[in-house]
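User: I'd like a close look at one part of this model, the place where the ligand sits, and then a walk through whatever else stands out. Keep it casual, please.

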Amino acid sequence: MSTSELPTRRAAITSLGLYVPDRVVTNADLEKRVNTSDQWIRTRTGICERRYVEPGTPTSELATRAARECLERRGIGASELDLIVVATVTPDMLFPATACIIQDKIKATRAWGFDISAACSGFVYALTTGAQFIQAGTHRKVLVIGADVMTSILDWTDRTTCVLFGDGAGAVLLEPSPDDTGLLAFAHEVDGSGGCYLNMLGGGSLHPTTHETVDQKLHFIRQDGQHVFKYAVRKFADSSAALLESNGISFEDLDLLVPHQANVRIIDAARDRLGLPDEKVVKNISRYGNTTAATIPLALGTALDEGRLQRGHLVLMAAVGAGFTVGTALVRWTGFPWK
Ligand SMILES: CC(C)(COP(=O)(O)OP(=O)(O)OC[C@H]1O[C@@H](n2cnc3c(N)ncnc32)[C@H](O)[C@@H]1OP(=O)(O)O)[C@@H](O)C(=O)NCCC(=O)NCCS
């Protein structure tokens with residue numbers, strides 16, 4: 001585990017842009033496609049609907065829309081960006097990196113960039129990675145994107161998995177903080193022994209794509225849902241508590257928990273373990289499902305829309321994902337001129 005306190009030149013989140021596809025897919029729609037029911041999905045996951053792209057729409061397309069909104073709201077051009085960090089498990093292709101594709105699409109002519117593969121923890125990993133360049137003083141404008149087209153890797157014969165996911169993207173801009181707001185601390189963990197419980201095996205050097213790997217459905221996401229569920233509940237709670245404790249902050253001081261949205265039962269179980277009141281926890285999984293790297297920026301957007309996220313608020317982002325990966329980030333919210 002690595003924990004870091006960032007006393008100087010904090011990275012502030014100075015803008016946010018979001019994009020979800022227009023196409024709303026309800027549980028009733030899924031009933032027509034899979035042997036499932038609205039009642040099962042609602043009660044077991046908390047999901048009512050999710051957004052799907054039109055088939056063939058790449059992750060970079062969603063990310064580009066989120067990036068443009070983020071920059072427009074801040075009132076800057078893409079040419080002012082120094083770096084683009086993209087978290088995704090559904091890159092447009094194995095290479096070039098989706099960050100390069102986005103850099104070209106938005107014409108971020110001065111920026112370099114790279115992708116991060118940390119699944120559902122991807123956004124927190126990308127956020128804390130991007131923040132290092134601000135903290136070091138070498139970069140002034142870093143665009144951090146979480147984006148996934150999960151429908152591109154869903155197995156429609158696996159009803160335990162296909163009902164959970166949706167497509168979406170979110171982008172935040174990091175800049176040197178003008179004051180004491182910004183990223184205060186973070187912690188990350190990896191437990192690679194958990195890789196067998198949630199993965200997509202095909203298409204890499206271990207199982208290069210062949211007719212056989214396609215017949216075996218290795219190009220789809222697969223998971224042991226119950227194992228992931230138990231690990232996630234424990235890690236959400238333990239890692240959140242550990243980060244606050246190591247920074248001398250109590251849960252009473254916390255204004256908002258922004259958790260990765262995988263299953264409302266995971267979020268509620270973690271909330272109960274931490275003893276947090278429901279009004280301090282952001283939930284929007286009912287509308288979007290699990291959008292993997294996009295859930296946390298989408299949840300930040302929901303909190304802003306609901307008036308629950310204001311300048312000076314102490315915000316904890318927490319995520320658990322394939323790997324297993326774990327990420328927590330504690331932020332003193334800087335606020336946006338437009339919100
Ligand atoms: C996948 C998940 C929703 C399943 O919920 P669960 O309560 O563990 O359900 P189970 O797997 O025990 O299945 C219970 C029953 O529901 C059935 N079922 C599974 N999916 C179903 C669906 N979509 N519709 C209807 N029934 C379904 C199962 O077949 C099983 O039936 P059985 O008892 O006759 O065998 C849950 O385990 C989960 O959310 N895990 C975490 C997954 C995750 O978040 N992954 C992303 C990583 S961040």
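How far is an oxygen atom of the ligand from an N or O atom in the side chain of Q226?

Analyst: That distance is 2.4 Å. Before going on, keep in mind that the model is predicted, so local features are taken at pLDDT of at least 70 and side-chain atom pairs at pLDDT 80 or more, while totals for chains, interfaces and linings use all residues. Residues are numbered from 1 along each chain as its sequence is written, and side-chain values use heavy atoms, with hydrogens and water left out.

Back to the ligand. Two arginines also reach its oxygen atoms: R44 brings a polar side-chain atom to 2.6 Å from one, and R265 does so at 3.0 Å. The ligand has 970 Å² of accessible area on its own, and the protein covers 74% of that (Shrake-Rupley method, 1.4 Å probe). The pairs above count as polar contacts, meaning two N or O atoms within 3.5 Å; within protein, one must be able to donate a hydrogen and the other to accept it, and residues adjacent in sequence count only if both atoms are side-chain atoms.

Zoom out a little and you find 21 residues around the ligand, the closest being T36, R44, Q223, Q226 and N263 (a residue is near if one of its heavy atoms lies within 4 Å). By class, that shell is made of 10 polar, eight nonpolar and three charged residues. Here Ala, Val, Leu, Ile, Met, Phe, Trp, Tyr, Cys and Pro count as nonpolar, Asp, Glu, Lys and Arg as charged, and the others, Gly among them, as polar. As for who supplies the shell, α8 gives the largest share, with four residues. (Helices are DSSP runs of H or I with at least four residues, strands are E runs of at least two, and both are numbered from the N terminus.)

Now for another hollow in the protein. The second largest pocket holds about 200 Å³ of space, and 15 residues line it. Nearest its centre are L18, R73, G301, T302 and D305. The lining draws at least two residues each from β2 (11–19), α3 (59–74), α10 (285–288) and α11 (295–305), and α11 gives the most, five. Sorted by class, the lining has eight nonpolar, five charged and two polar residues. In case you wonder what counts as a pocket: on a 1 Å grid over the protein atoms alone, it is an open set of points where a 1.4 Å probe fits, with protein on both sides within 12 Å along at least five of seven lines, and lining residues have an atom within 4 Å of a point. The volume is the space filled by probe spheres set on the points, which are joined across faces, edges and corners.

The backbone has a few oddities too. Most residues other than glycine have a negative phi, and most peptide bonds are trans. Two bonds here are cis. The one from F95 to P96 has omega near 5°, and P96 sits in the loop between β5 (83–87) and α4 (98–106). The other joins G323 and F324, with omega about -10°; F324 is in the loop between β13 (314–321) and β14 (325–332). On the phi side, K107 is not a glycine, yet its phi is positive at about 60°, and you'll find K107 in the loop between α4 and β6 (112–116). K217 also has a positive phi, near 60°, in the loop between α7 (211–215) and β11 (222–223).

A last stop is the loops, sorted by cover. With 0% relative accessibility, Q261 counts as buried (buried is under 20% relative accessible area, exposed over 50%, partly exposed in between, with a 1.4 Å probe and protein chains only). Q261 lies in the loop between β12 (256–259) and α9 (264–274), where its side chain reaches the backbone oxygen of V282 at 3.0 Å. A polar atom of that Q261 side chain also lies 3.0 Å from the backbone nitrogen of N284. P55 is exposed, at 76% relative accessible area, in the loop between β4 (49–52) and α3. R308, in the loop between α11 and β13, is partly exposed at 21%, and its C-alpha lies 7.9 Å from that of L256, although the two are 52 residues apart in sequence.
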